Amino acid sequence: MSVTTLAAADTLDAGLSNSTAQFKYGVPSGIAGKSEMYGELMYNNLNSLVGGVGLLVANDELKVPGLTIGVGAKAVVATMRETPTRTNASAVALGAQVRYELPVERRVAFAGEFYFGPDITTFGDAKQYQQYGARAEFSVSPQVQVYAGYRRVQFTMKTTNVDVTPINGPVVGVQLSF
């Protein structure tokens, strides 16, 4: 979730919890409005890694001041430790993001995202991919936002039908725009 009020700026996002970390770098895509291309890396304390690249096409909703809606796609690859073995998976997922800045106080915003990769576009040891999250943001300055929220990344395994969740739980972070 890195569509910010600065439409033409690179972004660097670092989100942490006690057992997980996510690092994301985004650049303006030039397609429309606040659209961006990005790369991200997530890992957890069990040495599971999830990496991805994506494109989010977003625009402000003119009839609702402060509302930005985006749709996009991402490709992810993962190697996850599932006791006692390691599993590998990849997926191509479609998703959406919604972000709302309070009109009275533009420094406060709320955002949510959801990505889904069905069986037909999920490969390796998994048959399905999901990523979703929500967060509250506060702009310290036009270039710095801090946030707190929840993030979940999960793969459903083919052989066991069990959900492996390398990233799951509360997160705090900072996003820099430059």
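Here is a quick tour of a single protein chain, from its overall build down to a couple of loop residues.

What you see is a predicted model. Start with the secondary structure: the protein chain has 11 strands and 0 helices. If you walk along the sequence, the pattern is simply β-β-β-β-β-β-β-β-β-β-β.

**Overall build**

How does the radius of gyration of the protein chain fit with a compact globule? For 178 residues, such a globule would have a value near 16 Å, and the chain has 16 Å, so the two agree. Measuring along the principal axes would be the next thing to ask about, and there the C-alpha trace spans about 50 × 35 × 25 Å.

Turning to what is inside and what is outside, 44% of the 178 residues are buried. The accessible surface comes to about 8600 Å², and carbon and sulfur atoms account for 65% of that. As for charge, there are 14 positive and 14 negative side chains, with the centres of the two sets 2 Å apart.

Contacts also reach along the sequence: among those with a separation of 6 or more, 49% join residues 24 or more positions apart.

**The core**

Now for the inside. The largest nonpolar core holds 18 residues, and the ones touching the most other members are M80, Y115, Y129, V153, F155 and M157. Several strands feed this core with two or more residues each, including strand 3 (36–44), strand 4 (49–60), strand 5 (67–82) and strand 6 (85–101). Further along the sequence, strand 9 (126–141), strand 10 (144–157) and strand 11 (163–177) do so too.

Take V153 as an example from that list. Which residues does V153 contact once its neighbours within four places in sequence are set aside? They are M42, Y129, Q130, Q131, V164, T165, P166 and I167. One of them, Y129, is also among the core residues that touch the most other members.

**Two loop residues with positive phi**

Most residues other than glycine have a negative phi. Against that background, N47 has a positive value, and N161 does as well. Here they are next to each other:

| Residue | Phi | Loop | Relative accessibility |
|---|---|---|---|
| N47 | near 65 degrees | between strand 3 and strand 4 | 57% |
| N161 | near 60 degrees | between strand 10 and strand 11 | 48% |

Is N47 buried or exposed? At 57% relative accessibility N47 counts as exposed, because the cut-off for exposed is over 50%. N161, at 48%, counts as partly exposed.

Definitions and conventions. Residues numbered from 1 in each chain as written. Predicted model: local features only at pLDDT ≥ 70, side-chain atom pairs only at ≥ 80, totals over all residues. Heavy atoms only, no water. Helix = DSSP H or I, 4+ residues; strand = E, 2+ residues; numbered from the N terminus. Rg over C-alpha atoms; globule rule 2.2 N^0.38 Å. Buried < 20%, exposed > 50% of the residue type's maximum accessible area, 1.4 Å probe, protein only. Contact = heavy atoms within 4.5 Å. Areas by Shrake-Rupley, 256 points an atom, 1.4 Å probe, with all protein chains shown as cover. Lys, Arg positive; Asp, Glu negative; His and termini not counted. Charge placed at Lys NZ, Arg CZ, Asp CG, Glu CD. Core = buried A, V, L, I, M, F, W, Y, C linked by side-chain atoms within 4.5 Å.
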